[in-house]
Amino acid sequence: MNHKPGFAIQLKLKRASFSIDLELDLPLNGITAVFGPSGSGKTSLLRCLAGLEEAQGYIRIGDQTWLDSGRHLSTPTWKREIGYVFQEASLFEHLSVRDNIYFGLKRVKQSHGSAGLREAVSLLGIEHLLGRSIQSLSGGERQRVAIARALATQPKLLLLDEPLASLDVARRREVLPWLERLHDALKMPMVYVTHAMEELARLADYVVLLEHGRVGACGPLTEVTRSRELALAIGDEAGIISSAIVVDRDEVHHLAQLLFGGTKLWVRDQGLTIGQTVRIRMLARDVSLTKTVQEDTTIQNHLSGIIESIDTLLHPGQAVVRVRCSQEILMAHVTLRSLQRLELRPGSPVWCQVKSVALML
Amino acid sequence: MNQLSDAWPAIALTLKLASLSSFLLLIIATPLAWWLSQTKSLWRKPIGALITLPLVLPPTVLGFYILVLLGPKGWVGQLTQSLGIGVWSFSFTGLLIGSLVFSLPFAVQPIQYAFEAIGKRPLEVAATLRASPIDTFFSVALPLAKPGLLTATVLSFAHTIGEFGVVLMIGGNIPGQTRVVSTQIFGYVESMAYVEAHLLSAGMLAFSFLVLLALGQLKSRSDKVLT
């Protein structure tokens, strides 16, 4: 385990109110979302990765070891090649926007040059803000400057601690597309702490579900969103996320057909092209179950499958049912009473009626 | 009236003492205040209390102890004698040392509060942007604590000008060497030179008022910058 290349983390941390005890092997590219309720230790995990919090264990990324308590080794924060975006923008109030962005850049070895700076500034669209003072920026602009500042040093690892949490809904919509741009443009691994399903669905490639400082589930986004652990952890917002390919269009009715895990789905056409890959999100509360295929219904999509598992949710009358439909797992929120009435149990064949599918472009 | 000519050396000496001690205090108090604002050591409280002592002790008590320490039989006095410097009691150096001790809380406290007001976050941000702890101190903590540093300088300057007890105990009121404005006024009153005492006192009053006014002005300006 100790000499495998990659991004290996093993941490033990004890605090008065909670503890962390986890072991993770994360991918060296894309966005890893650390997801979980507040108090689950998400921020502490991020702070340990940055060296802002002392912990036992080891952290190794690529060829660098930042923590190895067995060898009494702990690289101080300022020597770790990280970028860190805090929940609030935390810009230096005594410096201009430009000097804030140059702060980190001035302190890295010159070999990097200012390529990172130009890339960061244009990726976040803040060229026009450079001459401004911090005090004149809006909340969303501040956060974009803070992200650019963290990126300018071209870190080995970018850590983001709920960067949208301090913003209102409108500002969040303003910043989210910039984060999606980062996701597409950057190769460095990012660890993104969030408790918002929306951000998870849009940004994550890999998900770590944290519960009381322990790993509840982890794996690629599409896998984790099908897991019982995540479905139980998020309750109402449970649903699967998957990628699908556009295979047909009904231009008269403005619908598009997606091929998705061996089955087909009709969705609203938002100007898709055939052959395009899209990310879809299907909420469990938008899926209902029937024993026979229903023809006299307004619902377009009927997928047949076999019940894999039934779990009760926080509310005792509600259950989440996981149904295998060819190579896919679908999830449905139903009442326990309906399950009893229809005599559904693991192994029963059912039809899933999908009321709506959200496309995330 | 011709006695007022003695006042000029006293005024010059006072200004020299005040500028030198507020300058030195800034150098001594800033690291001390930084340590007090950052440390989790058990020594924090006792050392904080020790620095604050001059605020509550009668200046004569403080002056007495410093005099004993600096005198021919005190630890410091024996050290300075063995180094061939002589004795610092009843000299300008002794006066300066007394002023430094006496005004220390006035310099340390505003700076310490300013450092504490910055909070942990900007320092953590600097660390994530590759700034070493010393670099962070100079490029983040000091600039953000500027209002506190200004207040500390003005307060220790004004407080040194206003001291009397310590000066009298350590300096001994020697004209041209250790006689400052406050002891000069005392001298005038003792020799019943009320006109001169009036003039010098009024000068002190006006000066102190102006200092406090300037301090208020500085404060409101820096508040505006920071919000």
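This report describes a predicted model of a complex, covering its confidence values, the side of chain B that touches chain A, and one helix pair within chain B.

## Confidence

For the complex, the predictor gives an ipTM of 0.85 and a pTM of 0.85. The mean pLDDT of chain B is 90, with 96% of the residues of chain B reaching 70 or more. Where pLDDT is low, the predicted coordinates should not be read in detail.

## The side of chain B that touches chain A

Between the two chains, 14 residues of chain B are in contact with 17 residues of chain A. On the side of chain B that touches chain A, helix H6 (121-128) and helix H7 (133-144) each supply at least two residues, and the largest share, six residues, comes from H6(B).

Sorted by class, the residues on this side of chain B are nine nonpolar, two polar and three charged.

## Helices H1 and H5 of chain B

Two packed helices are described by the angle between their axes and the distance between the axes. In chain B, the axes of helix H1 (residues 7-38) and helix H5 (residues 92-118) come within 7 Å and cross at roughly 45°. Because angles from 35 to 65 degrees fall outside the roughly parallel and roughly perpendicular classes, H1(B) is oblique to H5(B).

The crossing of H1(B) and H5(B) is right-handed, and the residues of the contact between these helices divide into 19 nonpolar, six polar and one charged.

How values were computed: Residues are numbered from 1 along each chain as its sequence is written. Chains are lettered from A and ligands numbered from 1 in the order in which they are written. This is a predicted model: local features need pLDDT of at least 70, side-chain atom pairs count only at pLDDT 80 or more; totals for chains, interfaces and linings use all residues. Two residues are in contact if their C-beta atoms, placed from the backbone, lie within 7 Å. Helices (H or I, at least four residues) and strands (E, at least two) are DSSP runs, numbered from the N terminus. Ala, Val, Leu, Ile, Met, Phe, Trp, Tyr, Cys and Pro count as nonpolar, Asp, Glu, Lys and Arg as charged, and the others, Gly among them, as polar. pLDDT is the predictor's confidence in each residue, from 0 to 100. Axes are lines fitted to C-alpha atoms, for helices over the stretch in contact, and angles run from 0 to 180 degrees between N-to-C directions. Angles under 35 degrees count as roughly parallel, over 145 as roughly antiparallel, 65 to 115 as roughly perpendicular and the rest as oblique. A crossing is left-handed if the near helix is turned anticlockwise from the far one by less than a right angle, and right-handed if clockwise.
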